[in-house]
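Open the model in your viewer and switch to a cartoon view. Keep the selection tool at hand for the stops below.

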Amino acid sequence: MSDRRPWRPAPEELDALRDALIRAGGASLELEIGDVRIRMVPATTRSAPHATIPAAPEAEPPAPTIDSDGPGIFRAADPAGGGALAAPGTEVSPGQIVGLLQAGAALWPVTSTRAGRIEAVLVADGEIVGYGTPLYRLSR
């Protein structure tokens, strides 16, 4: 008969194992020494230790847009004459006039809030728009 006593982990040894588990990125740990069995799993899987948690797919952020800052009739070009103020492929900078909003006889400028290249015009000339309506899509 052996006079060796079975190993029993001290609380500080369990804390060190827990810290190593966290540093390892949350992998699970199972340790068996004699009649002592220790099993540590990340907190997110304690209720279902054998379940795998699928990673959420990374959603691509939406393309930036230039939005209407008020209601009115969208005008892509000056009604008094001239071409489109911002056609697809046009490079724009913050503060640049890219369209107009018509309210009665008044015309209000629509300005770009960011720099970029116009990828698409999202609203037809003459269409009624509201506050926040996306007018142009910029390329990423």
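The tour starts with the whole chain, then goes through the strand pairings stop by stop.

**Stop 1: the whole protein**

Select everything. This is a predicted model. Colour by secondary structure: the protein has 1 helix and 10 strands. Trace the chain from its start, and the order reads α-β-β-β-β-β-β-β-β-β-β. The helix precedes the strands in that pattern.

Now switch on the surface. About 9700 Å² of the protein is exposed, and carbon and sulfur atoms supply 56% of that area. Of the 140 residues, 23% count as buried. What share of the contacts with a separation of 6 or more is accounted for by residues 24 or more positions apart? The share is 53%.

**Stop 2: the open sheet**

Hide the surface. Before picking strands, recall the chemistry: strands of a sheet pair through backbone hydrogen bonds, either parallel or antiparallel.

Which order do the 4 strands of the open sheet take? The order is 7-6-4-9, with antiparallel pairing. Select 106–111 for strand 7 and 128–129 for strand 9. These are the edge strands, and each pairs on one side only.

Move inward. Select residues 72–75, strand 4, and residues 97–103, strand 6. The two are antiparallel and share 3 bridges. Label Phe74, then look across to strand 6: its bridge partner there is Leu101.

**Stop 3: strand 10 and its partners**

Select residues 134–138 to highlight strand 10. Add residues 65–67, which make up strand 3. Strands 3 and 10 pair in the antiparallel sense over 3 bridges. Which residue of strand 10 is the bridge partner of Ile66? Tyr136 takes that place.

Keep strand 10 selected. Add residues 116–121, strand 8. Strands 8 and 10 also run antiparallel, joined by 3 bridges. Label Ala120 and find Arg137, its bridge partner in strand 10.

**Stop 4: from strand 8 to strand 5**

Stay on strand 8 and add residues 91–92, strand 5. Here 2 bridges hold an antiparallel pairing. Label Glu91: what stands opposite in strand 8? The residue facing Glu91 is Arg117.

**Last view**

Show the strands of the last two stops together. Strand 5 pairs with strand 8, strand 8 is joined to strand 10, and strand 10 pairs with strand 3.

Terms used: Residues are numbered from 1 along each chain as its sequence is written. This is a predicted model: local features need pLDDT of at least 70, side-chain atom pairs count only at pLDDT 80 or more; totals for chains, interfaces and linings use all residues. Side-chain values use heavy atoms; hydrogens and water are left out. Two strands pair if DSSP finds at least two bridges between them. Buried means under 20% relative accessible area, exposed over 50%, partly exposed in between (1.4 Å probe, protein chains only). Contact means heavy atoms within 4.5 Å. Accessible areas come from the Shrake-Rupley method with a 1.4 Å probe; for residues, only the protein chains shown count as cover.
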